[in-house]
Amino acid sequence: METHKIARLLGYGGALPFIGFGVLVVTDSATWDTEADIVLLCYGAVILSFLGGLHWGRVASSNRQKSSGDSVILLWSITPPLVAWIAVLLP
């Protein structure tokens, strides 16, 4: 299977928890013992951390000459995980 097809399939698979738990939150379903909104929040935090890590990997694996723009990318890449962490800590 081609890489872009696998990436697309995994991307759609990663969206399923957002869709499924989003439906549970909206319908206020008591299907799960745990609160669906907490599960959704934590999953979102994990995804934001992963997206921040993508930028680190892109800068670290680049074969080109490093530039000051890389520092900006690295600084911005920590913003989503920090915001997610704060959101998880909020009551």
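Okay, let's start with a term: a helix here is a DSSP run of H or I with at least four residues, a strand is a run of E with at least two, and both are numbered from the N terminus. With that in hand, look just after helix α1, where D28 takes a positive phi of about 55°.

Before going on, a word about what we're looking at. This is a predicted model, where local features need pLDDT of at least 70 and side-chain atom pairs count only at pLDDT 80 or more, while totals for chains, interfaces and linings use all residues. Residues are numbered from 1 along each chain as its sequence is written, and side-chain values use heavy atoms, with hydrogens and water left out.

So, the big picture. How many helices and strands are there in the chain? Four helices and zero strands. Reading from the N terminus, that gives α-α-α-α.

Now the overall shape. The C-alpha atoms fill a box of roughly 55 × 40 × 15 Å along the principal axes. The radius of gyration, taken over C-alpha atoms, can be set against a globule rule of 2.2 Å times the number of residues to the power 0.38. For a compact globule of 91 residues you'd get something near 12 Å, but this chain has 17 Å.

How about burial? I'll call a residue buried under 20% relative accessible area, exposed over 50%, and partly exposed in between, using a 1.4 Å probe and protein chains only. Buried residues make up 12% of the 91 in the chain. The accessible surface, from the Shrake-Rupley method with a 1.4 Å probe and, for residues, only the protein chains shown as cover, comes to about 7000 Å², and 71% of that belongs to carbon and sulfur atoms.

Let's walk along the chain. Helix α1 covers residues 3-27. The expected span of a helix is 1.5 Å times one less than its number of residues. For the 25 residues of α1 that rule gives 36 Å, and the end C-alpha atoms are 36 Å apart, so the two agree. Which residues of α1 are buried? They are F21, G22 and L24, and they pack against α2, residues 36-61.

In the loop between α1 and α2 sits E35, which counts as exposed because its relative accessibility is 51%. Its C-alpha is 19 Å from that of I47, 12 residues away along the chain.

On to α2. Its 26 residues should span 38 Å, and the end C-alpha atoms are 37 Å apart, which agrees. Buried here are A36, G44, A45, G52 and V59. What covers them includes α1, α3 and α4, the last being residues 79-89.

Two more α2 residues deserve a look. D37 is in this helix and is partly exposed, because its relative accessible area is 41%. The C-alpha atoms of D37 and F21 are 7.2 Å apart, with their places 16 residues apart along the chain. V46 is in α2 as well, and at 51% relative accessibility V46 counts as exposed. Between the C-alpha atoms of V46 and E2, 44 residues apart along the chain, the separation is 26 Å.

Next, α3, residues 68-77, which holds D70. Is D70 buried or exposed? Buried, because its relative accessibility is 5%. Taking contact as heavy atoms within 4.5 Å, and not counting residues up to four places away in sequence, D70 touches V59 and R64.

Last, contacts and charges across the chain. Among contacts between residues at least 6 apart in sequence, 38% join residues at least 24 apart. For charges, Lys and Arg count as positive and Asp and Glu as negative, leaving out His and the chain ends; each charge is placed at NZ of Lys, CZ of Arg, CG of Asp or CD of Glu. That gives 5 positive and 6 negative side chains, with the centres of the two sets 25 Å apart.
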